[in-house]
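Let's take a walk through a protein model, one piece at a time. Keep the picture open while you read.

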Amino acid sequence: MLTDIAIRKAQVRDKPYKMFDPNGLFLLVTPAGGKLSRFRYKIGGKEKLLSIGPYPEVMVSAARDARDEARAGAQAGRDLSLVRRQLRAQAANYERFSTSRRSIISDIDTNLGR
């Protein structure tokens, strides 16, 4: 079971390694010193990984909460990585639309002499 003390004491090695927590959660320690929380799950017999966030931005308790939510979604048959990609695409489309809308309003204001 992962603890904050064990994570803080984790030493950097030549190759990335994993520190495991129950139910698919693990911490990936990279050679550059990064400590990344990840969740491993299966959908349709295929193994997938979901990135939760870097330590200490995402503490162990928050990573466990995110794992529990993600696990419930995976058990319901939702592909979490697909859902995340769709949300990112929607956000990008919104930002694109918002930027073009602002430029149109700016052009109108310029033409009206504001």
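What follows is a short tour of a few strands, a helix, some ring pairs and the empty spaces. One thing to keep in mind from the start: this is a predicted model.

**Starting in the middle of the strands**

Let's begin with strand S2, residues 25-29, which is mostly covered: five of its five residues are buried. In a regular strand, side chains alternate between the two faces of the sheet. Here you can see how that plays out: Leu25, Leu27 and Val29 point one way from S2, while Phe26 and Leu28 point the other way. Both sets of side chains are buried.

S2 has a partner in strand S1 (residues 17-20), and the two run antiparallel with four bridges between them. You can pick out individual partners, too. Met19 is bridged to Leu27 in S2, and Lys18 has Leu28 as its bridge partner there. S1 itself has two unlike faces: Tyr17 and Met19 make up the covered one, and Lys18 and Phe20 the uncovered one.

S2 also pairs with strand S3 (residues 35-43), again antiparallel, this time through five bridges. Look for Leu28 once more: Leu36 in S3 stands opposite this residue.

**Turning the corners**

Which residues take a positive phi at the turns? In the hairpin of S1 and S2, with four residues between the strands, Asn23 does so, near 65 degrees. In the hairpin of S2 and S3, with five residues between the strands, it is Gly33, near 100 degrees. A positive phi also turns up after helix H2, where Gly77 sits near 95 degrees. Here they are together:

| Residue | Where | Phi |
|---|---|---|
| Asn23 | hairpin of S1 and S2 | near 65 degrees |
| Gly33 | hairpin of S2 and S3 | near 100 degrees |
| Gly77 | after H2 | near 95 degrees |

Just before S1, have a look at Lys15, which lies in the loop between helix H1 (4-9) and S1. Is Lys15 buried or exposed? Its relative accessible area is 64%, so Lys15 counts as exposed, the cut-off being over 50%. Although Lys15 and Pro31 are 16 residues apart along the chain, their C-alpha atoms are separated by 5.8 Å.

**Rings that pair up**

The structure holds two aromatic pairs. In one of them, the rings of Phe20 and Phe26 have their centres 5.9 Å apart and their planes at 45 degrees, so this pair is tilted. The two partners don't share the same kind of surroundings. Phe20 is partly exposed because its relative accessible area is 47%, which falls between the 20% and 50% cut-offs. Phe26, at 2%, is buried, because that is under 20%.

The other pair is Phe39 with Tyr41, and this one is stacked: 5.7 Å centre to centre, with 10 degrees between the planes. Phe39 and Tyr41 are both buried.

**A helix of the expected span**

Now move on to helix H2, residues 60-75. Its 16 residues reach 22 Å from first C-alpha to last, close to the 22 Å expected at 1.5 Å a residue. The buried residues of H2 are Val60, Ala63, Arg64, Arg67, Ala70, Gly73 and Ala74. Notice that two arginines, Arg64 and Arg67, are on that list.

**The empty spaces**

H2 helps to line two spaces, so let's finish there. The largest pocket has about 160 Å³ of space. Which elements each supply at least two residues of its lining? They are strand S4 (46-54), H2 and helix H3 (80-111). H3 gives the most, with four residues. Among the lining residues are Leu50, Ile52, Ala66, Glu69, Leu80 and Arg84. By class, the pocket lining has seven nonpolar, one polar and two charged residues.

There is also one cavity of 30 Å³ or more, and the largest cavity has a volume of about 50 Å³. S2 and H2 each supply at least two residues of its lining. Including Leu25 and Leu27, which you met in S2, the lining also takes in Val60 and Ala63. What is the lining of the largest cavity like by class? It has nine nonpolar residues, one polar and no charged ones.

Terms used: Residues numbered from 1 in each chain as written. Predicted model: local features only at pLDDT ≥ 70, side-chain atom pairs only at ≥ 80, totals over all residues. Heavy atoms only, no water. Expected span 1.5 Å × (residues − 1). Buried < 20%, exposed > 50% of the residue type's maximum accessible area, 1.4 Å probe, protein only. Pairing = 2+ DSSP bridges. 1 Å grid on protein atoms, 1.4 Å probe; cavity = no way out; pocket = protein on both sides within 12 Å on 5 of 7 lines; lining within 4 Å. Points joined across faces, edges and corners; volume = space filled by probe spheres on them. Nonpolar A, V, L, I, M, F, W, Y, C, P; charged D, E, K, R; others polar. Phe/Tyr/Trp six-rings, centres within 6.5 Å; stacked < 30°, edge-to-face > 60°.
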